[in-house]
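Work through the exercises below with the sequence and the structure side by side, and try each task before you read its solution.

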Amino acid sequence: GGQGFYVRGGGPDQNLVLLDEAVVYNAAHLFGFFSVFNSDAVKSVNLIKGGMPANFGGRMSSVLEVNMNEGNYKRLSVKGGLGVISSRITVEGPLKKDKGSFMVSGRRTYIDVLMKAFINDTSPFAGSSYFFYDLNLKMNYKLGKKDRIYLSGYYGKDEFSFADPEGDFNADMPWGNGIAALRWNHLFSNKLFMNVTGTFTDYQFSFGSEQDEFRFKLKSGIQDLSGKVDFTYFPDPRNKIKFGAHYTFHTFTPTSVSASQEDVVFDTGLAQQLKSHETAAYILDEFDLSEKWRFNVGLRYSTFSHVGPFTRYVKGNISTPDTTIQYEKGDLIQFYHGLEPRISMRYMLPDNSSIKAGYSYNYQYVHLTSLSAVSLPTDIWFPTTNIAKPQIGWQGSVGYFRNFKENKYETSVEVYYKDMRNLIEYKEGALPSDNENDNTDN
């Protein structure tokens, strides 16, 4: 029932999950039992867990790169499936034959319908319900021999609710992702091409409860607006150079609490938002020294700026009073930056086997932490601030890889060493408070 996945001692927040180059913050449905990725809509999946190349960053443990199907250029087709828990349908076809295509895929569970049929009215679970749904969309079009555009979209949501008629208590807990990506691919020549990508990510989580006319709601969320440009250059068949720059504007709402009773709305203050700019520039060179030796050498430079508007509440003690620092819109509160060197190599052995080794140094400017005092999936994403430092980690690994049955199966034995710094968590016994006169990182 745990959400996310764990790679080499890292947490779920340390995996960079990308869907058509847009960041996915919540990668699971049904408390971890279902992936958010509908297999009918997926074209390819690539997992990198050692020796992360320099074109990826912002996370310390792994990269999970998922690309959606582009649709059928020739004819319209429909496929789907009926299951005990969920059903799905996918429609794909040409926008214009041999020039453009589309794909639309949807999925929904009906656990909520089954629960009503099998749970009688006297059961304590009679008022409980759960379902999720998601929708994938992708379109692409050839503007000419050298230009193509891609538009991708995803929206998925989980809805969990519980009601106890006897105790006059009910609770609901919705959470989900919304993603949009627009990409332009341009071919300058047979040796140089460019991708320009704009993405939007919206993750929202909330928990609401009501008992005896008293209503309580806890909300949390992230919005990312990103742009990046990537170039790939092939000087010769044995050499590939990639370079580019990425930018993301983050808006975090770690916790927002509201409460009311009948017609009375309690003053819990305005939800505090944390805004920040994250940038990165990189260059890497992947080259073959011979048929046996391949190297990937890269360098990434990343920056993170926590900016206003923001109110910092500085807690005093017996001898000093509490103080407040007010930052206006655009004011720089804290700036972090660092170089991230990356190197990996592969040496081919006979009989489809190889030795691989890698080293990567990473900065991570976002955190995921749980309120341990609350028995709910209240994992809260939180940015780096002047109190919460960026996570810093490095990993070295070496391993033996062997493929079987014409590369259908890959086996490996690896050893690695990993060092992680500045991991954060809530103080023991911490509870979500109102939005008044305090900061989450206090």
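The exercises that follow deal with strands, a surface patch, aromatic rings and backbone angles.

The model is a predicted one, in which local features need pLDDT of at least 70 and side-chain atom pairs count only at pLDDT 80 or more, while totals for chains, interfaces and linings use all residues. Residues are numbered from 1 along each chain as its sequence is written, and side-chain values use heavy atoms, with hydrogens and water left out.

**Exercise 1. Strand partners**

Task: Find the strands that pair with S15, and give the direction and the number of bridges for each pairing.

Solution: Begin with the terms: strands (E, at least two residues) are DSSP runs numbered from the N terminus, and two strands pair if DSSP finds at least two bridges between them.

Step 1. Strand S14 (residues 214-236) runs antiparallel to strand S15 (residues 239-261), and 20 bridges join them. Glutamine 223 has threonine 251 in S15 as its bridge partner, and the hairpin between S14 and S15 passes through two residues.

Step 2. S15 is also joined to strand S17 (residues 274-288) by 14 bridges, again in an antiparallel arrangement, and here tyrosine 247 stands opposite threonine 279 in S17.

Step 3. Strand S16 (residues 264-265) is antiparallel to S15 and is joined to it by two bridges, with serine 260 opposite valine 265 in S16. The hairpin of S15 and S16 has two residues between the strands, and glutamate 262 in this hairpin takes a positive phi near 50°.

**Exercise 2. An open sheet**

Task: Determine which strands lie at the edges of the open sheet of four strands.

Solution: Write down the order first, which is S2-S1-S6-S5 with mixed pairing. Strand S2 (22-23) and strand S5 (42-48) each pair on one side only, and these are the edge strands. At the S2 end, two bridges join S2 to strand S1 (residues 15-19), the two running antiparallel, and leucine 19 stands opposite alanine 22 in S2.

**Exercise 3. A nonpolar patch**

Task: Identify the strand that gives the largest share of the nonpolar patch on the surface.

Solution: A patch is made of residues with over 30% relative accessible area and no salt bridge, in which like charges are joined within 9 Å and nonpolar side chains (Val, Leu, Ile, Met, Phe, Trp, Tyr) within 5 Å. A salt bridge is a side-chain nitrogen of Lys or Arg within 4 Å of a carboxyl oxygen of Asp or Glu, and accessible areas come from the Shrake-Rupley method with a 1.4 Å probe, where for residues only the protein chains shown count as cover.

Step 1. The members are Tyr233, Phe243, Ile283, Leu299, Tyr301, Leu332, Phe335 and Leu339, which together have about 730 Å² of accessible area.

Step 2. Strand S18 (293-307) and strand S21 (332-349) are the elements that give two or more residues, and S21 supplies the largest share with three residues.

Step 3. Leucine 299 is in S18, and because its relative accessible area is 40%, leucine 299 is partly exposed; buried means under 20%, exposed over 50%, and partly exposed in between.

**Exercise 4. Two aromatic pairs**

Task: Classify the ring pair of tyrosine 133 and tyrosine 155 by the angle of its planes.

Solution: Rings of Phe, Tyr and Trp (its six-membered ring) pair if their centres lie within 6.5 Å, and planes under 30 degrees apart count as stacked, over 60 as edge-to-face and the rest as tilted.

Step 1. By this rule the count comes to 15 aromatic pairs. The planes of tyrosine 133 and tyrosine 155 stand at 40° with the ring centres 6.2 Å apart, so this pair is tilted.

Step 2. The pair links distant parts of the chain, since tyrosine 133 belongs to strand S10 (residues 129-142) and tyrosine 155 to strand S11 (residues 147-164), 22 residues apart.

Step 3. Tryptophan 293 and tyrosine 347 also form a tilted pair, at 4.6 Å centre to centre and 50° between the planes. Tryptophan 293 in S18 and tyrosine 347 in S21 are 54 residues apart, and one aromatic cluster is formed by Phe287, Trp293, Phe295 and Tyr347.

**Exercise 5. Backbone exceptions**

Task: Locate the cis peptide bond that involves proline 309.

Solution: Most residues other than glycine have a negative phi, and most peptide bonds are trans. The cis bond joins glycine 308 and proline 309, with omega about 10°, and proline 309 lies in the loop between S18 and strand S19 (310-314).

How values were computed
Buried means under 20% relative accessible area, exposed over 50%, partly exposed in between (1.4 Å probe, protein chains only).
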